[in-house]
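Reader: I am new to this structure and would like to go through it step by step. Could we take it as a set of questions, each with its reasoning?

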Amino acid sequence: MEVFPLLLFLSLWWSRTWDLATADSIIHIGAIFDESATKDDEVFRTAVADLNQNEEILQTEKITFSVTFVDGNNPFQAVQEACELMNQGILALVSSIGCTSAGSLQSLADAMHIPHLFIQRSTAGTPRSGCGLTRSNRNDDYTLSVRPPVYLNEVILRVVTEYAWQKFIIFYDSEYDIRGIQEFLDKVSQQGMDVALQKVENNINKMITTLFDTMRIEELNRYRDTLRRAILVMNPATAKSFISEVVETNLVAFDCHWIIINEEINDVDVQELVRRSIGRLTIIRQTFPVPQNISQRCFRGNHRISSTLCDPKDPFAQNMEISNLYIYDTVLLLANAFHKKLEDRKWHSMASLSCIRKNSKPWQGGRSMLETIKKGGVNGLTGDLEFGETGGNPNVHFEILGTNYGEELGRGVRKVSLNLL
């Protein structure tokens with residue numbers, strides 16, 4: 001048997017799965033990403049590379065990392081992979097996954113005293129629902145929520161109240177957990193508003209065709225009247241297809257007003273949605289501060305960000321997801337925390353942990369590292385990233401993009417900021 005080819009194969013397989021830290025490195029972080037989130041991985045690696053080139057933050061030590069991918073709906077796999085990372089001696093765990101696995105990682109991080117920076121992501125850009133991570137009043141919560149809470153209930157209520165709507169329909173795509181707006185539904189019910197709900201299946205054409213086949217003329221007319229005021233809670237791709245279908249089949253008229261609410265709508269999406277719609281369109285999305293001075297767009301204090309992420313003309317930057325932005329800022333935050341620990345000479349060496357053994361001891365330096373991360377703060381791609389007492393990031397801003405009634409294509413889009421805090 002030839003040993004060398006076997007060793008070569010194992011080496012190649014392992015290198016695709018892990019980026020191993022060097023033996024003498026003391027700054028080693030682990031990352032767990034959803035297997036569909038390739039951009040999260042790319043931005044994470046870019047962030048590490050950027051920080052390793054910044055000698056003002058990290059002078060002699062450099063960050064090394066290990067990355068693994070999981071099925072976002074498999075908590076057991078997520079915990080298993082996190083244990084493997086902890087066995088390598090990581091100082092912090094970064095995860096970009098959905099709610100299904102987040103709770104399991106939270107429990108593991110609490111047990112092993114590993115700071116866990118969690119970036120919630122949703123399926124295919126569908127609006128988020130709250131994860132409902134369990135928080136205690138004790139000092140044993142090691143999970144920090146990098147992405148701010150879901151404010152969908154507050155946003156929708158603010159907007160429909162502003163427009164004085166009393167009757168409307170909410171369309172939501174098949175990936176959205178409608179329980180995420182239960183608080184909103186309860187409040188509008190108490191106020192006597194007439195709200196209908198309808199799920200939008202993946203095959204939108206079939207859905208529309210079924211309506212025409214099963215409804216009588218008077219029923220279709222009543223349905224058209226219901227569609228005059230509608231809220232779309234769906235991913236941008238589904239919203240585009242849905243608007244196109246209802247416009248082409250004459251289900252909506254020019255006096256309609258539709259609201260699309262989704263954090264994950266970029267400028268290209270906005271242009272497409274406006275082009276396909278008729279009547280009046282309102283788009284609500286999360287927004288991030290951008291330096292007015294163009295020459296400073298890629299600088300945050302003493303740190304330079306890769307131009308592929310901060311240049312608005314770069315194709316990669318134009319199509320970044322919100323989770324990507326928070327991942328970059330998470331690495332920036334960690335690098336500053338590591339610098340602080342090294343500067344204060346309060347570094348706690350990290351030995352490999354085994355979370356499989358019954359009597360495994362947690363990391364003794366975990367509490368100190370967590371407190372340093374929590375007390376720190378950075379200004380990055382998402383603006384100010386910092387944590388409140390409950391371990392969440394309170395900084396979030398929304399903007400309202402609106403068009404007036406009219407059928408001309410490319411009509412102007414008005415922009416208004418929406419502050420919920």
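**Core, sheet and confidence**

Author: In this predicted model, Phe 44 touches Ile 29, Ala 31, Phe 33, Phe 65, Val 67, Ile 327 and Val 331, leaving out residues up to four places away in sequence.

Reader: Which helix gives the largest share of the largest nonpolar core?

Author: The largest nonpolar core has 70 residues, and those with the most contacts inside it are Phe 44, Ile 114, Phe 338 and Ile 373. In soluble globular proteins, nonpolar side chains tend to be buried together. The largest share of this core, twelve residues, is supplied by residues 322–343, that is, by helix α13.

Reader: How many residues does the other core have?

Author: This other core lies apart from the one that holds Phe 44. Among its members are Val 252, Val 270, Leu 273 and Val 274, and its residue count is 30.

Reader: Which strands are at the edges of the sheet?

Author: Five strands form an open sheet with parallel pairing, in the order β2-β1-β3-β4-β5, and the twist from one strand to the next averages 20 degrees. An edge strand pairs on one side only, and that holds for residues 64–70 and 143–145, which are β2 and β5.

Reader: Which residue of β2 is the bridge partner of Asp 34?

Author: Strand β1, residues 28–34, pairs with β2 in the parallel sense over seven bridges. Across this pairing, the bridge partner of Asp 34 is Val 70.

Reader: At about what angle to β2 does helix α2 run?

Author: Helix α2 covers residues 38–52 and lies across β1, β2 and β3. Its direction relative to β2 is given by an angle of about 175 degrees.

Reader: Is Thr 126 buried or exposed?

Author: Thr 126 is found in the loop between β4 and β5. Leaving aside neighbours within four places in sequence, Thr 126 is in contact with Asp 173, Glu 175, Tyr 176, Asn 235 and Asn 262. Because its relative accessible area is 2%, and the cut-off is under 20%, Thr 126 counts as buried.

Reader: How are α9 and α10 oriented to each other?

Author: The axes of helix α9 (residues 236–248) and helix α10 (residues 267–276) come within 9 Å and cross at roughly 10 degrees. The contact includes Pro 236 and Ala 239 of α9, and Asp 269 and Leu 273 of α10. Angles under 35 degrees count as roughly parallel, and therefore α9 and α10 are roughly parallel.

Reader: Over which residues does pLDDT stay under 50?

Author: The protein averages a pLDDT of 87, and 89% of the residues score at least 70. The stretch under 50, for which the model has 21 contacts beyond four places in sequence, is residues 1–24.

Technical notes:
Residues numbered from 1 in each chain as written. Predicted model: local features only at pLDDT ≥ 70, side-chain atom pairs only at ≥ 80, totals over all residues. Heavy atoms only, no water. Pairing = 2+ DSSP bridges. Helix = DSSP H or I, 4+ residues; strand = E, 2+ residues; numbered from the N terminus. Axes fitted to C-alpha atoms, helices over the stretch in contact; angles between N-to-C directions. Contact = heavy atoms within 4.5 Å. Core = buried A, V, L, I, M, F, W, Y, C linked by side-chain atoms within 4.5 Å. Buried < 20%, exposed > 50% of the residue type's maximum accessible area, 1.4 Å probe, protein only. pLDDT = per-residue confidence, 0-100. Parallel < 35°, antiparallel > 145°, perpendicular 65-115°, else oblique.
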